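Me: I would like to go through this model with you, starting with its charged pairs. Please keep the answers plain.

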Amino acid sequence: MALGFFALALFLFITLDSDVVPSSAASASASAASSEGVEVQITYGTVLKLMHEKTKFRLHSHDVPYGSGSGQQSVTGFPNVDDSNSYWIVRPQPGTNAKQGDSIKSGTIIRLQHMRTRKWLHSHLHASPISGNLEVSCFGAENESDTGDYWRLLIEGSGKTWKQDQKIRLQHIDTGGYLHSHDKKYSRIAGGQQEVCGVREKRADNVWLAAEGVYLPVTESK
């Protein structure tokens, strides 16, 4: 089973530069586990899509800069499931002992790396383009990351360890804003995609779930 997970992850990374990463292959590990009645945990190294709970749009980025604010790479909500620009790699906070395959507890600081462009999900005090909330962007590079890329995982309900289909919030460390989206959509450049931003209040619109992806097995010692 572990070799199967690894093979799927390797396949996904090899096909990084193709126009479309096959969603059927990308979600195969999670689907197989679900069909066997096994709880799917999110571990470091997992490649996934985050689905906005209220609108069902996926967290998305692409090599298109904002035309205002920071001018950094834009982040949006994307309506279609089959798009390779909606994949994110779950990474630990630098300087910790966390390693690939470790499970992730509520309250942990994580980073999300955009799979195609290798930049980090980021936020700061610039105003978001549509609503004027906190801008959320992609910034940095493989070995270029700062505290603006740090997000605290907060699991809704009684769960203590992050699992697929579990409601979560991501709170930005530097600004205190929660990763947020709503039905306010762009009309140009990213037409039909909706704004992703940060807001400092807990709202129904800042709840997310782990959806499609390659879910690596837990490898930490018991």
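Me: How many salt bridges does a search of the whole structure find?

Reply: The search finds seven salt bridges, a salt bridge being a side-chain nitrogen of Lys or Arg within 4 Å of a carboxyl oxygen of Asp or Glu. Please note that this is a predicted model, in which local features need pLDDT of at least 70 and side-chain atom pairs count only at pLDDT 80 or more, while totals for chains, interfaces and linings use all residues. Residues are numbered from 1 along each chain as its sequence is written, and side-chain values use heavy atoms, with hydrogens and water left out.

Me: Which side chain does K167 meet in a salt bridge?

Reply: K167 pairs with E53, at 3.8 Å from N to O. This pair links distant parts of the chain, 114 residues apart: K167 is in the loop between β8 (151-155) and β9 (168-172), and E53 is in the loop between β1 (47-52) and β2. Strands here are DSSP runs (E, at least two residues), as are helices (H or I, at least four), numbered from the N terminus.

Me: Is K167 buried or exposed?

Reply: K167 is partly exposed, with a relative accessible area of 41%. E53 is also partly exposed, at 23%. The cut-offs are under 20% relative accessible area for buried and over 50% for exposed, with partly exposed in between (1.4 Å probe, protein chains only).

Me: And what does E142 pair with?

Reply: E142 forms a salt bridge with R118, at 3.2 Å from N to O. R118 lies in the loop between β5 (109-114) and β6 (120-127) and E142 in the loop between β7 (134-139) and β8, so the pair ties together parts that are 24 residues apart in sequence. E142 is partly exposed at 38% relative accessibility.

Me: Which residue forms a salt bridge with E156?

Reply: That residue is R169, and the closest N and O atoms are 3.0 Å apart. E156 lies in the loop between β8 and β9 and R169 in strand β9, so the pair ties together parts that are 13 residues apart in sequence. E156 is partly exposed, with a relative accessible area of 29%, whereas R169 counts as buried at 9%.

Me: Now D149. Which side chain of opposite charge is nearest to it?

Reply: The nearest one is R111, 5.5 Å away, and D149 is buried yet has no salt bridge. For charge, Lys and Arg count as positive and Asp and Glu as negative; His and the chain ends are not counted. D149 is in the loop between β7 and β8. Leaving out residues up to four places away in sequence, D149 touches several residues, including R111, W120, H122 and H172, where contact means heavy atoms within 4.5 Å.

Me: Changing topic: where is Q72 found?

Reply: Q72 is in the loop between β2 (58-65) and β3 (73-78). Q72 counts as buried, at 16% relative accessibility.

Me: What joins the side chains of Q72 and S137?

Reply: They are joined by a polar contact of 2.6 Å. A polar contact is a pair of N or O atoms within 3.5 Å; within protein, one must be able to donate a hydrogen and the other to accept it, and residues adjacent in sequence count only if both atoms are side-chain atoms. Beyond four places in sequence, the residues that Q72 touches include H122, H124, S137 and C138.

Me: How many disulfides are there?

Reply: The count is zero, a disulfide being a pair of cysteine sulfur atoms within 2.5 Å. C138 is buried at 1% relative accessible area, and C197 is buried at 0%.

Me: Lastly, how many helices and strands does the protein chain have?

Reply: The chain has three helices and twelve strands. Of its 222 residues, 52% are buried.
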